[in-house]
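Trainee: I should like to learn how cysteines and a ligand site are read from a model. May we work through an example together?

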Amino acid sequence: MNCGGRLVDLSAPAVMGVLNITPDSFSDGGAFMDQDAAVAQAQAMADAGAAIIDIGGESTRPGSQGVDVDTELARVLPVIEALAPRLAVPLSVDTSKPEVMRQAARAGAGLINDVTGFSGSGSLEAAAATDLPLCIMHMQGTPATMQDDPRYHDVVTDIHEFLAERVAACEAIGISRDRLIIDPGFGFGKTQAHNARLLRELARFQSFQLPILVGLSRKGLIGYATGRDKDQRLAGSVAAATLAVHHGASIVRAHDVAATVDALALTRYVMTDSRGGA
Ligand code: 7PM
């Protein structure tokens with residue numbers, strides 16, 4: 001997959017490392033130090049084998065309100081500008097805002113990851129114009145209320161239908177299929193039973209013949225199944241990543257890159273008899 005000139009090999013499972021940009025990271029005063037920390041964290045994830053680094057400036061945490069476009073730009077653009085010339089791996093920008101998509105692409109981002117599946121006003125057009133690959137994620141509702149009472153007729157079928165509609169919308173405005181990645185959106189308007197069923201039946205999304213991305217790292221499903229707090233979910237997250245790849249995921253979004261890379265190397269070898277560099 002061509003991410004703005006940087007190639008990502010999806011013939012083997014790839015890890016997308018999560019770069020944390022906390023809301024107060026870029027408050028005045030600490031801006032330069034925090035930017036250095038962000039660059040160091042991204043470099044460490046690339047060294048640990050991340051194939052993509054995902055940068056987000058808008059919290060999509062359940063219950064969170066959005067941020068305005070200027071705040072989001074002020075958080076992500078300096079980091080993209082600092083990282084894009086330094087890193088060999090592409091940067092992904094986690095955003096739903098057309099202006100952030102445009103400016104991030106201009107600053108050197110290589111992929112656009114929209115948790116609303118490019119369903120917002122102007123986002124599909126903005127994304128199309130970048131020529132970058134796009135990750136289409138499913139979310140039910142909005143982060144403010146999505147976990148209040150998520151309901152589906154049939155969670156797998158409903159999300160499959162949503163993704164089919166968004167893939168069709170992309171193709172209708174001239175985005176070629178080879179730019180598209182799909183993601184069922186674990187934790188975004190789903191109960192733990194919904195999340196578990198999506199993971200168990202993830203292979204149904206292979207019918208699109210598009211790369212499948214999953215984000216389960218440290219999420220509620222891991223906490224629910226293990227009883228662990230957020231900072232104790234490494235083993236559960238790695239197990240979830242393994243299951244996701246076994247059921248067809250090509251890209252796993254993860255905080256703990258080194259552990260996830262090893263787990264996916266093992267998963268790949270068992271599934272295919274092939275190893276990295278061999
Ligand atoms: C608080 C709670 C902050 C949860 C951030 C999150 C996904 C994503 C996120 C995903 C894609 C997190 C999430 N999750 N993008 N962005 N897929 N494509 O756990 O599952 O990092 S934000």
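Trainee: Is C170 buried or exposed?

Mentor: Buried means under 20% relative accessible area, exposed over 50%, and partly exposed in between, with a 1.4 Å probe and protein chains only. C170 has a relative accessible area of 0% and is therefore buried. C135 likewise counts as buried, at 0% relative accessibility. This is a predicted model, in which local features need pLDDT of at least 70, side-chain atom pairs count only at pLDDT 80 or more, and totals for chains, interfaces and linings use all residues. Residues are numbered from 1 along each chain as its sequence is written, and side-chain values use heavy atoms, with hydrogens and water left out.

Trainee: How many disulfides are there?

Mentor: A disulfide is a covalent bond between the sulfur atoms of two cysteines. The criterion is a pair of cysteine sulfur atoms within 2.5 Å. The count here is 0 disulfides. The sulfur of C170 has its closest cysteine sulfur in C135, 11 Å away, which is too far for a bond.

Trainee: Which side chains make polar contacts with the ligand?

Mentor: A polar contact is a pair of N or O atoms within 3.5 Å; within protein, one must be able to donate a hydrogen and the other to accept it, and residues adjacent in sequence count only if both atoms are side-chain atoms. A polar side-chain atom of K219 lies 2.6 Å from a ligand oxygen, and one of R253 lies 2.8 Å from a ligand oxygen.
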